[in-house]
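Subject: Structure for you to look at

Hello,

Here is the structure I promised to pass on. Please open it and keep it beside this email as you read.

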Amino acid sequence: MDLYYHIRSPPCQSVAFLVKHLGLEVNYKTISVYDEDDLETLKKVNPQHTIPTLVDNGHVVWESYAILIYLVEKYGLNDSLYPKDPKERSVVNQRLFFDIGTLHKSMMAYFQLHIRKLPVTDEVVDKLKRALELLETFLQDHTYSTGEKLTIADFSLFVSASSLQWTKYDLSPYPNILRWAAKMETHIPDLETMRKEADEGITVLLASKGFQNAK
């Protein structure tokens, strides 16, 4: 099984973290979307040439949420990470859609302005705060984002929230998020190693664009 990815990419991180959690053997193929040769390599398996892209015995899946679902449905020991029950699954799906449409989106808007040392507008700040407040609410009286069971939604949300570390964003007003994030760290083997690799990757990318690491 091959995973075309770059560890500095948040969507790639969510897949890599789940792979580690599941204990799967994967061939990691690092791809920079800014490198023409890498893009040509990626186009051979994915016409949209986006990362992450998973190739499992000739079957190709791209888009991080699609990969998360595929991995747990094929390799999960049971359905706990992505429940078969329609009501339980609907909550997981809602959290995934919340991530892509609200939390991840607002985090990236804030991140892009911050690393470019451009003014962070009130609108961008307010949208991020609202997204974090919603996540804080989801976690109120719950161990995980959908309740008491770890699901794939937690992996994507964890990456979006923890990516704010690159901007030194203060998460102390959100104790539920901090508690949950600490819990999530226990589910991901080799997390510190991957974070170090991501830090190095982001530093190199920012330097190539004329920016300094925001950390």
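By class, how many nonpolar, polar and charged residues does the lining of the largest pocket have? Keep that in mind while we look at the whole chain. One caution comes before anything else: this is a predicted model.

**Overall layout**

The protein has eight helices and four strands. Along the sequence they follow the pattern β-α-β-α-β-β-α-α-α-α-α-α. The C-alpha trace spans about 50 × 45 × 30 Å along its principal axes. How does the radius of gyration agree with that of a compact globule? For 215 residues, such a globule would have a value near 17 Å. The protein has 17 Å, so the two agree.

**The sheet**

Find the strands next. Four of them form an open sheet in the order β2-β1-β3-β4, and the pairing is mixed. Why are β2 and β4 each left with one side without a neighbour? β2 (27-30) and β4 (59-62) stand at the edges of the sheet. Each has a single partner strand, so one side has no neighbour in the sheet. Ignoring direction, neighbouring strands are turned by 20° against each other on average.

Now look at one pair. Strand β1 covers residues 2-5, and four bridges join it to β2. These two strands run parallel. To see one bridge, start at Y5, whose partner in β2 is T30. As background, strands of a sheet pair through backbone hydrogen bonds, either parallel or antiparallel.

**A loop worth a look**

Go to the loop between α2 (36-43) and β3 (53-56), where P52 is found. A cis peptide bond joins I51 and P52, with omega about 5°. H49 lies in the loop between α2 and β3 as well. H49 is not a glycine, yet its phi is positive, at about 40°. Why point these out? Most residues other than glycine have a negative phi, and most peptide bonds are trans.

**The largest pocket**

Back to the opening question. The lining of the largest pocket has 15 nonpolar, seven polar and three charged residues. The pocket holds about 530 Å³ of space. Its lining is made of 25 residues. R8, P10, Y34, M108 and L205 lie nearest the centre. Three elements give two or more residues to this lining: α1, α4 (86-115) and α8. α4 gives the most, with six residues.

Where does the largest pocket lie? Domain 1 (2-76) and domain 2 (86-186) both give residues to its lining, so the pocket lies between them.

**The largest cavity**

A cavity is closed off: a 1.4 Å probe fits but cannot get out. Counting those of 30 Å³ or more gives one cavity. The largest cavity has a volume of about 70 Å³. Its lining consists of I7, Q13, F17, F158, S162, S163, Q165, W166, M194, R195 and A198. The elements giving two or more residues to that lining are α1 (10-22), α6 (152-162) and α8 (191-208). Which of them has the largest share? α8 does, with three residues.

By class, the cavity lining has six nonpolar, four polar and one charged residues. Both domains take part here too. Domain 1 (2-76) and domain 2 (86-186) each supply at least three residues to the lining of the largest cavity.

**Where to start**

Begin at the sheet, with Y5 and its partner T30. Then turn to the cis bond between I51 and P52. Finish at the largest pocket, with R8, P10, Y34, M108 and L205 nearest its centre.

Best wishes

How values were computed. Residues are numbered from 1 along each chain as its sequence is written. This is a predicted model: local features need pLDDT of at least 70, side-chain atom pairs count only at pLDDT 80 or more; totals for chains, interfaces and linings use all residues. Side-chain values use heavy atoms; hydrogens and water are left out. On a 1 Å grid over the protein atoms alone, a cavity is a set of points where a 1.4 Å probe fits but cannot get out, and a pocket is an open set with protein on both sides within 12 Å along at least five of seven lines; lining residues have an atom within 4 Å of a point. Grid points are joined across faces, edges and corners, and a volume is the space filled by probe spheres set on the points. Ala, Val, Leu, Ile, Met, Phe, Trp, Tyr, Cys and Pro count as nonpolar, Asp, Glu, Lys and Arg as charged, and the others, Gly among them, as polar. Domain bounds come from an automatic or database domain assignment. Two strands pair if DSSP finds at least two bridges between them. Axes are lines fitted to C-alpha atoms, for helices over the stretch in contact, and angles run from 0 to 180 degrees between N-to-C directions. The radius of gyration is taken over C-alpha atoms; the globule rule is 2.2 Å times the number of residues to the power 0.38.
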